[in-house]
Amino acid sequence: MAPTPTLTFVLMDPPYENARTTTALRLLDIAARRGYNLNVFAYEGAVYVPFSKQAPHPNAVHGRDLAQEDHPNPKDWVEAIIAEAKRQGGTVDWVQCGLCVDERGAAESIPGLRRGSPADLVKFAEVSDNTLVIPTK
Amino acid sequence: MAKKVLQVIETAYRGTLEEQDDTVVWLTHAMRGAGLHTDVLLRGNAANYPVTAQDASGLEFGGRKQTQPPRIADDLARLIEKGVSVYVVTDDLDRRGIQTSDLIRGLKSVGSAELPKLFGGYDQIWHW
């Protein structure tokens, strides 16, 4: 049997700005569903993707209250991807760039992630079948 | 065996004043320090990064002056000193009217037609 693939993703965009964040999460989700081992290095604005203080809101323009709007924040998607990976026997090692977190006051992230440095990205690259950088443009 | 990674920097001057550097050049320094075998290719607007006459100093909002503006050409020169190969795409220099004499020393020039061959020498290509 072929060994389980290991993929590294480098994310750079903050949430709620462009489609690249959603695209990155789609790719992570597909890989998680396949039981792959996933590494994520959240760099610069991407440290806000799993920010725990994101909150859903009602939407008067949509005519929906909080429950009806049922707005999934990106942190919820990250949490769901980690849970899906576990269900499928894979792993997600999500590292938040520590200096990027400090610059932005983004220390409060969802459980299951860890603070790290570029040295973690080096280790990720060394053990991964491939690395995909999804940079800010 | 250690992997060889080429950092292709294309998006330029992204947050460089807030960061006081280019974040990918910075990351390359840090990863090199952590043992990664990595080189850099400058293309697109990043072809301006090695121009020595850049001066980003003088930013001031209210009474708050920036005392450590980005010095990206110097940061690239320090990468070269560390043994990192820094390539620049000659077509992108030509389009911008940048002369070789405008640039830091030690850069390696590469034409866009030669990029596939260059890429073939690396295990991973990270396009920023």
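Helices here (H or I, at least four residues) and strands (E, at least two) are DSSP runs, numbered from the N terminus. With that in hand, here is a tour of the structure.

This is a predicted model, where local features need pLDDT of at least 70, side-chain atom pairs count only at pLDDT 80 or more, and totals for chains, interfaces and linings use all residues. Residues are numbered from 1 along each chain as its sequence is written, while chains are lettered from A and ligands numbered from 1 in the order in which they are written.

**Confidence**

The pLDDT score is the predictor's confidence in each residue, from 0 to 100. Chain B averages 96, with 99% of its residues at 70 or more. For the complex, the predictor reports an ipTM of 0.82 and a pTM of 0.89.

**Where the chains meet**

Let's say two residues are in contact if their C-beta atoms, placed from the backbone, lie within 7 Å. On that basis, 16 residues of chain B are in contact with 13 residues of chain A. On the chain B side, H2 and strand S7 (124-127) are the elements that give two or more residues, and H2(B) has the largest share, with four residues. That side of chain B divides into nine nonpolar, five polar and two charged residues. In this sorting, Ala, Val, Leu, Ile, Met, Phe, Trp, Tyr, Cys and Pro count as nonpolar, Asp, Glu, Lys and Arg as charged, and the others, Gly among them, as polar.

A good spot to look at is where helix H5 (residues 118-127) of chain A packs on helix H2 (residues 23-33) of chain B, at an angle of about 70° and with the axes 8 Å apart. Axes are lines fitted to C-alpha atoms, for helices over the stretch in contact, and angles run from 0 to 180 degrees between N-to-C directions. The angle makes H5(A) roughly perpendicular to H2(B); the cut-offs are under 35 degrees for roughly parallel, over 145 for roughly antiparallel, 65 to 115 for roughly perpendicular, and oblique for the rest. From H5(A), the contact uses Pro118(A), Leu121(A) and Val122(A), and from H2(B) it uses Leu27(B), Ala30(B) and Met31(B). By class, that is six nonpolar residues, no polar ones and no charged ones.

**Inside and outside**

A residue is buried if 20 or more other C-beta atoms lie within 10 Å of its own, exposed if 12 or fewer, and partly exposed in between, with C-beta atoms placed from the backbone. In H2(B), the buried residues include Thr23(B), Val24(B), Val25(B), Leu27(B), Thr28(B) and Met31(B). Their cover includes H5 of chain A, along with S1, H1, strand S2 (37-42) and helix H3 (72-81) of chain B. Just after H2(B) comes Gly35(B), with a positive phi of about 105°.

A nonpolar core is a set of buried Ala, Val, Leu, Ile, Met, Phe, Trp, Tyr and Cys residues joined through C-beta atoms within 7 Å. The largest one has 64 residues, and those touching the most other members are Leu11(A), Leu38(A), Val40(A), Phe41(A), Ala42(A), Tyr43(A) and Leu42(B). Helix H1 (residues 19-33) of chain A gives the most to this core, five residues. Beyond its neighbours within four places in sequence, Tyr43(A) is in contact with Val10(A), Leu11(A), Met12(A), Cys97(A) and Cys100(A).

Here are some residues by their surroundings.

| Residue | C-beta neighbours within 10 Å | Class |
|---|---|---|
| Ile9(B) | 27 | buried |
| Val88(B) | 26 | buried |
| Leu115(B) | 18 | partly exposed |
| Tyr13(B) | 15 | partly exposed |
| Asp70(A) | 9 | exposed |

Ile9(B) lies in strand S1 of chain B. Leaving out residues within four places in sequence, Ile9(B) is in contact with Val24(B), Val40(B), Leu42(B), Ala46(B) and Trp128(B). Val88(B) sits in strand S5 (residues 86-89) of chain B. Its C-alpha is 5.6 Å from that of Leu41(B), though the two are 47 residues apart in sequence. Not counting residues up to four places away, Val88(B) touches Leu42(B), Ala47(B), Pro50(B), Leu93(B), Leu107(B) and Ser109(B).

**Two backbone oddities**

Most residues other than glycine have a negative phi. Asp70(A), not a glycine, has a positive phi of about 45°; Asp70(A) is in the loop between helix H2 (66-69) and helix H3 (74-87) of chain A. Tyr13(B) also has a positive phi, near 55°, and is found in the loop between strand S1 (4-9) and helix H1 (16-19) of chain B.
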